Amino acid sequence: MSAILRCPDGKIRLYCKGADTVILERLQDNTLESVKKVTNHLEEFATEGLRTLCLSMREISEREYDEWKVIYQKAATTVNNRQQQLDSAAEIIERDMTLLGATAIEDKLQDGVPKTIFTLAQAGIRIWVLTGDRQETAINIGYSCKLIQEDFSLIICNSSTHWETKDFLRQKLMAIRDTSNGTRTVDLNSLALIIDGKSLDFALEKDIEDIFLELATLCKAVICCRVSPLQKALVVKLVKRKRSEVLLAIGDGANDVSMIQAAHVGVGISGQEGLQAARSSDFAISEFKHLRKLLLVHGSWSYHRLSKMILYSFYKNITLYMTQFLFAFYNGFSGQTLYESWTITGYSVLFTVMPPISIGLFDQYLYARSLDRYPEMYKMGQNSEFFNVSSFWGSTINAFIHSIIIFFLGTAVLKPFVTNTGQELNQWAYGVTLYSAVVLTVLLKAALLTSTWTKWTVIAIPGSLVIWLGFIPLYAYVGPKIGIASEYQGLIRNIFGNPLYWIVFIIVPLACILRDYAWKFYKRMYLSRAYQIVQEIQKYNIPDYRPRMERFRKAVHKARALQRLRKNRGYAFSQTETDQTKLIRSYDTTRKKPTGE
């Protein structure tokens, strides 16, 4: 970032600030002792985790400024490739500068950042950091936010040419994975790739990008330092183009906008860096720690709700219209409908419209505190456990089975159905009876699918049944009088007064749902899934022992490290056990005999 000023003494000066890698290559002489001194200071600052910038200056003559001003104004008014023209104009004037010094500021992590990153890693989310900071600063931030652990092996790529970058990445990739037999020779959960901006430029070229991407995806953590906004977007586009995973990009500054817009999902943090990132994103949050709840809680809820709602919507429509298809075998495929036209219309817009809404908006298969406590539940979405090909066809086949049971069992029950006047059952009474069984079946299915009952669930499921039971007599009485439902003339006397209607209306749906209930019971008891176990934990309010055991392990490791330190320094232990040795002995005992954890 540069500014050209006319100073009080009448001279024109250019002041420029930026990263050391950008400023040093634009200096008049970068071999001076002062430059080396400032570079040493920058390394010290970066080692402490400070964010650094360099400042430089250059005096410009009146003639040079007038000539450059024409070039700049022409670039500023151009239409095609305006930004590229402006960059080229800046390159002309930003040269032969004198280094003034460097700045270092402390940019503390927001509250909850280390815990959030650690939790997201437990949820199976791979985290890459794309930053403009120096390499030392980026590594220290990686340690402080728990992206990099103390036992990680760092792969640091600081190559200066295309072929050096390619050879380095290829060698590291072959060292990680034995290409002869395909076996992995190192622990991939303890690898971190660190690459600077210059090496990243070469790594993003066509002949290296596949090697770079494969190596990066094998590592537990990736940190790209000293990268430009364009490089951030190119990295996101590379992963998006080559991999099938869903990418989420999060940032808080204007330099993150291109990266946020290139990802599948963009999250902007509104705060001290301004609102550019938040305005360009799909979701805006105030602090980084809220990303954990956005993904692990609301993300899991949204995936589960939408999966269940889509499958249920297909199910309820197939269940109704398959009965019409089966009826075609009885009417010789004449095209005669089983249900009255306005009754069919009301199925999806009135009688069964609320259950999908309540499932899609309010259902919670796990409470928020349980999803936050067990981030591993997020992997169910990554593994497509709720919505996949088998679940879709399972729901579809279930709808076929229910429609077959409703049609044939209902028809068998209604064969002796006669009215009090001795007239045989007409087609519309027969259709309304089966229609009632379909409505109750799909509502009972919605009740069986619902994990959490709220007031909206009560309004949606029992309320829909009340609407149907109130609609049919009202429509049968009012419809014929206004000329829209002549088929229902005298219908209520024929069906409501006959017990066989109520047998079909109650027994047939129960026969359909009994199979689903038995299958759900069997899967829950003998084929339990992870979230069902967590449901039992939250139901009986079983405490989580993992934080306590984690603190216990840390104390043990600390005690063992203290023992090694004393031993190396020549300290001798007394015959009596210290608190540390007691702790270690108790820990070894618990390892041999696992507790309830």
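The accessible surface of the chain comes to about 33,200 Å², and carbon and sulfur atoms account for 57% of it. The model is predicted. Of the 597 residues in the chain, 42% are buried. The secondary structure consists of 25 helices and 11 strands. Among contacts between residues at least 6 apart in sequence, 73% join residues at least 24 apart.

**Aromatic pairs**

The whole structure contains 31 aromatic pairs. Two of them are set out below.

| Pair | Geometry | Centre to centre | Angle between planes |
|---|---|---|---|
| Phe314 and Phe392 | edge-to-face | 5.3 Å | 85 degrees |
| Tyr365 and Phe386 | edge-to-face | 5.4 Å | 75 degrees |

The pair of Phe314 and Phe392 links distant parts of the chain, 78 residues apart: Phe314 belongs to helix H13, and Phe392 to helix H18 (residues 389-414). Phe314 counts as partly exposed because its relative accessibility is 43%. Phe392, at 24% relative accessibility, is likewise classed as partly exposed.

The pair of Tyr365 and Phe386 also links distant parts of the chain, here 21 residues apart. Tyr365 lies in the loop between helix H15 (354-362) and helix H16 (368-373), while Phe386 lies in the loop between helix H17 (379-382) and H18. Tyr365 counts as buried, with a relative accessibility of 2%. Phe386 is buried as well, at a relative accessible area of 10%.

Ring pairs further join Tyr339, Tyr347, Phe351, Tyr435, Trp468, Phe471, Tyr475 and Tyr488 into a cluster.

**The surroundings of His304**

Helix H13 (residues 290-328) contains His304. With a relative accessibility of 5%, His304 counts as buried. When its neighbours within four places in sequence are left aside, His304 is in contact with Asp363, Tyr365, Phe386 and Ser451. Both rings of the second tabulated pair, Tyr365 and Phe386, are thus found among the contacts of His304.

**Charges over rings**

Lys146 places its charged end over the ring of Phe118, at 5.6 Å from the ring centre. Lys445 lies over the face of Tyr315, 5.9 Å from the centre of that ring.

**Cysteines**

The structure holds 0 disulfides. For Cys157, the closest cysteine sulfur is that of Cys225, and the two sulfurs are not bonded because the distance of 9.9 Å is too far for a bond. A disulfide requires sulfur atoms within 2.5 Å. Cys157 is buried, its relative accessible area being 0%. Cys219 also counts as buried, at 0% relative accessibility.

Technical notes: Residues numbered from 1 in each chain as written. Predicted model: local features only at pLDDT ≥ 70, side-chain atom pairs only at ≥ 80, totals over all residues. Heavy atoms only, no water. Helix = DSSP H or I, 4+ residues; strand = E, 2+ residues; numbered from the N terminus. Buried < 20%, exposed > 50% of the residue type's maximum accessible area, 1.4 Å probe, protein only. Contact = heavy atoms within 4.5 Å. Areas by Shrake-Rupley, 256 points an atom, 1.4 Å probe, with all protein chains shown as cover. Phe/Tyr/Trp six-rings, centres within 6.5 Å; stacked < 30°, edge-to-face > 60°. Lys NZ or Arg CZ within 6 Å of the ring centre and 35° of its normal.
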